[in-house]
Amino acid sequence: MKRLLSTMLLALVAIAGHGQSTKCATIKGYSPALKDGTVAISIIDNVTAAVDTVIGGHFTITVPVDKLIPSNLYLNGEGCPNHLMTLYLKPDALVELTGTDCIFPLWKVDSPIPEQQTANRITEHNMDAYKDYFPLTIGEYHWGDIQHAFLKILKQTMDILPSLPIDAASLHELEAVALYSKNYEDFPYTQQLKELEAATAARAPKGFEQELMTIHALVNPPHVLQVGEEAVDAELFDMQGNKRHLAELFGKNGQYVLLDFWSLGCAPCIMSEPEMREVYERMKGKLEIVGINQDKLSSWQENNWSKKIVWKNWNDGKMCKGGVESLYCDELVVPHYVMISPDGRILWKVVGYGPGWFLGMAEVLNGLEQDNTANLNLVIKTVDATPKGTTISLRCYSQENSWFRIVKESYLEANGKKYQLVAADGIKLDENNYPEVNTFTAKEDYIGAINYTDFTLTFEPFDTKPNTFDFVEGDAKDAFVIRNISLK
């Protein structure tokens, strides 16, 4: 079972502290439905700025601020949606939220700040869409299940923006729509977004030039590099503030380069780190990893967890606004991995993290040529093609309590034909199989042990021995394929 973990870049809950200011804003909230112990978090620039714990339905957060700034409110408790609510703060301002349930993004917001009043008008306009969307984000959920409801919010937001003043709040919402549009393969409102961006730029007052430039770059993005294309350079900064270039690493000593786009508030990014570190040590000299952080430079540089990363740890300082991620990432989701070959071309791109992925990746880089990016933790180690049949040996990596399954309808595909599975050894077909051999156990509690299982599958013989073939795990909708398995 492929356990995929990822975090949308605009829905992060950061784990680091925020620099203190002598000036503060206050956020007060109340709902009788809030459970005692619910944690109320104020986040600025993807970093925790202040925290309070709900008692008797009430919370009060005192947030250090030096100027007008957008912040995010997150309530971590039973019945609360997984969402960051934008609130505008400035020194000495009091922002009060009241509701009767736990869906805090729909609560009434009283604030003297004009930008918050603009944000409130957008919320009121989208209320019907929000009521459909937010209940879907409570507890565990899959992004694919709520995309339709979220798409309606984006459309209605674009509809109201022309009637609102151009200020920090309306531009923030337009930028968010532009960012989220990248997470849709065929965003249906691209033309409306382009026209809205152009009209907004034409009527915007002075003082918003940087925001307008960012939005324009998002609405009119550069070409996103795809598999097979040549990797391009980008300028970044290391933890000491020195300028670095991706081109420093391409084509160096015949090594592969893995770009790891990550963020401090991304739990799967942190969960993947122990396995990546294990593989990095095993692949010394053959694999270079470049962590490309998406947070504010100061937050990233000051974070204790970030300081522990052993591979190259860089940041372009653009916080996912038209930076290096716009060249390499099809979706604004972290973690996002891009593998670059020794000759400087993109080999594969994947989103999310599944335990065992990097161990499987290392097996492929050291072994039989194949494309297993549809299921990185499953690797074909050897192939024995004879007139009596074709036997492939495989290894599957995963957490010790995670199962995998191979269906009896699996087949090999080559020469325009299918060659059916006839026997399996080491696993049971159409049943849950649990890897039992330990390969490493992380010291960190958030990943635990990763195990593996070796097994073989035998298929009908090839009529004519091909140079490459595909392994297809049945014809079901969610079946995976290992492509271009070499017989050379």
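Are Cys266 and Cys269 buried or exposed? Cys266 is buried, and Cys269 is buried too. The model is a predicted one, and the values below are computed from it.

**Cysteines**

Cys266 and Cys269 are joined by a disulfide, with 2.4 Å between their sulfur atoms. A disulfide is a covalent bond between the sulfur atoms of two cysteines. The torsion about the S-S bond of Cys266 and Cys269 is about 85°, so this disulfide is right-handed. Searching the whole structure gives 1 disulfide.

Cys102 has Cys80 as the residue with the closest cysteine sulfur, but the two sulfur atoms are 4.7 Å apart, which is too far for a bond. Cys102 counts as buried because its relative accessibility is 10%, under the 20% limit. Cys396 also counts as buried, at 4% relative accessibility. Cys320 is buried with a relative accessible area of 6%, and is taken up again below for its backbone.

**Nonpolar cores**

The largest nonpolar core contains 38 residues, and Leu258, Leu287 and Met361 have the most contacts inside it. At least two residues of this core come from each of β12 (256-262), α7 (267-282), β13 (287-293), β16 (336-340), β17 (346-351), α11 (357-366) and β23 (449-459). With neighbours within four places in sequence left aside, the contacts of Leu287 are Gln255, Tyr256, Val257, Leu258, Val279, Tyr280, Met339, Met361 and Leu365. A second core, separate from the other, has 37 residues, including Ile103, Phe134, Leu151 and Ile215.

**Helix α3**

Helix α3 covers residues 143-160, 18 residues in total. From first C-alpha to last it reaches 25 Å, close to the 26 Å expected at 1.5 Å a residue. The helix α3 bends by about 35° at Ala149. Its buried residues are Trp143, Ile146, Ala149, Phe150, Leu151, Ile153, Leu154, Gln156, Thr157, Met158 and Ile160. An α-helix has 3.6 residues a turn, so residues three or four places apart point the same way.

Thr157 belongs to helix α3 and counts as buried because its relative accessibility is 3%. Its side chain makes a polar contact with the side chain of Asn126, and a polar atom of that Thr157 side chain also lies by the backbone oxygen of Ile153; the distances are in the table. Apart from neighbours within four places in sequence, Thr157 is in contact with Ile122, Asn126, Glu173 and Val177.

**His336 and the cis peptide bond**

His336 lies in strand β16 and is counted as buried because its relative accessibility is 2%. The side chain of His336 reaches the backbone oxygen of Glu331. Not counting residues up to four places away in sequence, His336 touches Leu259, Asp260, Phe261, Tyr328, Cys329, Asp330, Glu331, Val350 and Val351.

Pro335 sits in the loop between β15 (333-334) and β16. The peptide bond from Val334 to Pro335 is cis, and its omega is near -5°.

**Asp233**

Asp233 is in the loop between α6 (209-219) and β10 (235-237). With a relative accessible area of 37%, Asp233 is partly exposed. The side chain of Asp233 reaches the backbone nitrogen of Leu246, and a polar atom of the Asp233 side chain also lies by the backbone nitrogen of Ala247. Residues up to four places away in sequence aside, Asp233 touches His245, Leu246, Ala247 and Leu327. Asp233 and Thr123 are 110 residues apart along the chain, and their C-alpha atoms are separated by 41 Å.

The polar contacts of the three side chains discussed are listed here.

| Side chain | Partner | Distance |
|---|---|---|
| Thr157 | Asn126 side chain | 2.9 Å |
| Thr157 | Ile153 backbone oxygen | 2.8 Å |
| His336 | Glu331 backbone oxygen | 3.3 Å |
| Asp233 | Leu246 backbone nitrogen | 3.1 Å |
| Asp233 | Ala247 backbone nitrogen | 2.9 Å |

**Positive phi**

Most residues other than glycine have a negative phi, and most peptide bonds are trans. Asp92 has a positive phi, near 75°, and is not a glycine. Asp92 lies in the loop between β7 (85-89) and β8 (94-98) and is exposed, with a relative accessible area of 73%. Cys320, also not a glycine, has a positive phi of about 65°. The loop that holds Cys320 runs between β14 (312-315) and α10 (325-328).

Methods
Residues are numbered from 1 along each chain as its sequence is written. This is a predicted model: local features need pLDDT of at least 70, side-chain atom pairs count only at pLDDT 80 or more; totals for chains, interfaces and linings use all residues. Side-chain values use heavy atoms; hydrogens and water are left out. Helices (H or I, at least four residues) and strands (E, at least two) are DSSP runs, numbered from the N terminus. The expected span of a helix is 1.5 Å times one less than its number of residues. The bend at a residue is the angle between axes fitted to the seven residues ending there and the seven starting there. Buried means under 20% relative accessible area, exposed over 50%, partly exposed in between (1.4 Å probe, protein chains only). A disulfide is a pair of cysteine sulfur atoms within 2.5 Å. A nonpolar core is a set of buried Ala, Val, Leu, Ile, Met, Phe, Trp, Tyr and Cys residues joined through side-chain atoms within 4.5 Å. Contact means heavy atoms within 4.5 Å. A polar contact is a pair of N or O atoms within 3.5 Å; within protein, one must be able to donate a hydrogen and the other to accept it, and residues adjacent in sequence count only if both atoms are side-chain atoms.
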